[in-house]
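Here's a quick tour of how one chain is put together. Have a look at the fold first, and then we'll go through it piece by piece.

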Amino acid sequence: LGEGRADVSRASALLELLTHSVSAGGCPSVRPERCSPMDVSAEGATAHGAETAVSPRATAAFLLRCARAPDRFFYPCNAKAREPRDCSYRLLSGGGTGPVTVFVAECAYGEGGTGWRVWPCALLLSCWLAANHAALPLAGSRAIELGCGLGLPALTAASLGAGDVRITDCLPKLLRTVRRSAARAARPHLVAAALLDWDHVAAPDETE
């Protein structure tokens, strides 16, 4: 969603692809301001011990509901009331392969700020990567996520075959959580979390 809100309309094809995940049983009830697919329903997101499994159906229902109020893609989750969870997102994958599973650990708001939950736009981007990975040069590629929050898009890229993945943010405590997620990646030795503060990176004309 590189150009902001105007790009929401470009997600229509992806949302149509996701629709079949909810068409059989109808869309679970969820308020768009509750920005977490784990709030969709117990049917779509279920807890297994200390880990919450988020199904493609729950993700699809959540994103379709967000699409009815597109501004919701650009706000973090309103989930301060609950404790952090360890989550496994199963994302629909294109190219004839099965769903890809990506582990993401959440953290407390005091540690991660607005990066303490997966943003809807991050979930949408991750679904797009999974749906289109067969047409993308992901295999063996280098990828970096700036301002990663919990790092779902970068972790998705790693799960889809990216060969060198860097996940960056400016909050050291948040990166501890990201490193825990990276350790659960399919090839953890190819994924690294690093501190990057844009305020401390000089613009080219400042170095001359």
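## A glycine in a loop

Where is the place of G149? Look at the loop between strand 5 (142–145) and helix 5: that's where G149 is found. Keep in mind that this is a predicted model.

Loop or not, G149 is buried, with a relative accessible area of 9%. Which residues is G149 in contact with, once neighbours within four places in sequence are left aside? They are G115, D169, L174 and V178. Take the G115 pairing: 34 residues separate G149 and G115 in sequence, yet their C-alpha atoms are 3.9 Å apart in space.

## The chain as a whole

Zooming out, the protein chain has six helices and seven strands. Reading from the N terminus, the order is α-β-β-α-β-β-α-α-β-α-β-α-β.

How much of the chain counts as buried? The figure is 49% of the 208 residues. As for contacts with a separation of 6 or more, 66% of them are between residues 24 or more positions apart.

## Helix 6 and its buried side

Two of the partners of G149, L174 and V178, bring us to helix 6 (residues 172–182), whose buried residues are L174, L175, T177, V178, S181 and A182. Why do they end up on the same side of helix 6? They cover an arc of only 155 degrees around the axis, and that puts them on the same side. The background is simple: an α-helix has 3.6 residues a turn, so residues three or four places apart point the same way.

And what do the buried residues of helix 6 pack against? Quite a list: strand 4 (100–105), helix 3 (109–112), helix 5 (152–159), strand 6 (164–169) and strand 7 (191–195).

## Helix 4 against helix 5

Helix 5 turns up again as a partner of helix 4. Their axes come within 8 Å and cross at roughly 15 degrees. With angles under 35 degrees counting as roughly parallel, helix 4 and helix 5 are therefore roughly parallel to each other. The crossing of this pair is right-handed. On the helix 4 side the contact is made by A122, L123, L125, S126 and L129, and on the helix 5 side by L152, P153 and T156. Sorted by class, that gives six nonpolar residues, two polar ones and no charged ones.

One of the contact residues deserves a closer look: is S126 buried or exposed? S126, which lies in helix 4, is buried, with a relative accessible area of 0%. Beyond its neighbours within four places in sequence, S126 is in contact with L91, L152, P153 and T156.

## Helix 4 against helix 2

Helix 4 (residues 120–132) also packs with helix 2 (residues 56–67), at an angle of about 120 degrees and with the axes 11 Å apart. An angle of 65 to 115 degrees would count as roughly perpendicular and one over 145 as roughly antiparallel, and helix 2 and helix 4 are therefore oblique to each other. This crossing is left-handed.

Who makes the contact? Helix 2 brings T59, F62, L63 and C66, while helix 4 brings P120, L123, L124 and C127. By class, there are seven nonpolar residues, one polar residue and no charged ones. L123 appears here and in the contact with helix 5.

Methods. Residues numbered from 1 in each chain as written. Predicted model: local features only at pLDDT ≥ 70, side-chain atom pairs only at ≥ 80, totals over all residues. Heavy atoms only, no water. Axes fitted to C-alpha atoms, helices over the stretch in contact; angles between N-to-C directions. Helix = DSSP H or I, 4+ residues; strand = E, 2+ residues; numbered from the N terminus. Left-handed = near helix turned anticlockwise from the far one by under 90°. Contact = heavy atoms within 4.5 Å. Nonpolar A, V, L, I, M, F, W, Y, C, P; charged D, E, K, R; others polar. Buried < 20%, exposed > 50% of the residue type's maximum accessible area, 1.4 Å probe, protein only. Arc of directions from axis to C-beta.
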